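Let's take a walk through this model together, one neighbourhood at a time.

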Amino acid sequence: MGNSVLIVEDDPDIVTLVTLYLKRDGHKIMTANNGSQGLRLARESKPDLIILDLMLPRLDGMEICRVLRDEGSRVPIIMLTALVEEANLLQGLDLGADDYIPKPFSPKELAARVRAVLRRVSIESKEQAQGKLEHGDISIDLQNRTVNLGPNTVLLTPTEFRLLVMLVRKPGRVLTRENIIDDVFGYDFDGFDRTVDVHVSNIRSKVGTDDSGNNYIQTVHGVGYKLRDE
């Protein structure tokens, strides 16, 4: 039994092509050709994954992503975009998108990314039963997907949450950008090199430092990052 996928895209040719490839994988497809309709379907139908164009009539993809995350939705979102500037792509990821793919794109690659994201979500669902992770003042509730720094709740995007979990599970171990990309995104992510750096910077600004004033996440120059070992 496949998953339900909502495609929010105003180009009918793209919708037809993507629908064809995803139905081959057994997915149930819903479509919307404008942002307002897409947001309504996302709320009402609660799909397992959303493929979301950025440039939409009535309501753009960035706003849809922001609203869903503000409402607490954890549905995985893959963004389609003709905006190839790094700032635009990083903005989408920072709003809580799980992945992006620039236009024009290969429908086979998109189908592969859908499989990878859904596979990762399935693994994460099983991991929720593991309870909590702790490191210093950082406490992560895997079931509720919440993070606390001491008594204070820290609001992270889904990507930031996965990255922090990865680091907390391997304190003191140096993780390369390639390690992080493979674990967080679930496949060979063909993105900008700065993507991981931006996410790490965002987590640092939210998690801050320990009682001694040291950053929890340390940079290993030329290699990657590690969580400071207690």
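What follows looks at a sheet, a buried residue and the aromatic rings.

This is a predicted model, in which local features need pLDDT of at least 70 and side-chain atom pairs count only at pLDDT 80 or more, while totals for chains, interfaces and linings use all residues. Residues are numbered from 1 along each chain as its sequence is written, and side-chain values use heavy atoms, with hydrogens and water left out.

Let's begin with the sheet. Three strands (DSSP runs of E, at least two residues, numbered from the N terminus) form an open sheet in the order β10-β12-β11, with antiparallel pairing; strands pair if DSSP finds at least two bridges between them. β10 (175-176) and β11 (217-220) each have a single partner strand, so one side of each is left without a neighbour in the sheet. Helix α6 (residues 158-169) packs on this sheet and touches β10, β11 and β12, where contact means heavy atoms within 4.5 Å. Two bridges join β10 to β12 (residues 224-227), and T176 stands opposite G224 in β12.

Now turn to D99, which is found in strand β5 (residues 99-102). Why does D99 count as buried? Its relative accessibility is 0%, and buried means under 20% relative accessible area (1.4 Å probe, protein chains only). L80 is 19 residues from D99 in sequence, and their C-alpha atoms are 9.0 Å apart in space.

Finally, look at Y21: the charged end of R24 sits over the ring of Y21, 4.8 Å from its centre. Such a charge has NZ of Lys or CZ of Arg within 6 Å of the ring centre and within 35 degrees of the ring normal.

Notes:
Helix = DSSP H or I, 4+ residues; strand = E, 2+ residues; numbered from the N terminus. Buried < 20%, exposed > 50% of the residue type's maximum accessible area, 1.4 Å probe, protein only. Axes fitted to C-alpha atoms, helices over the stretch in contact; angles between N-to-C directions.
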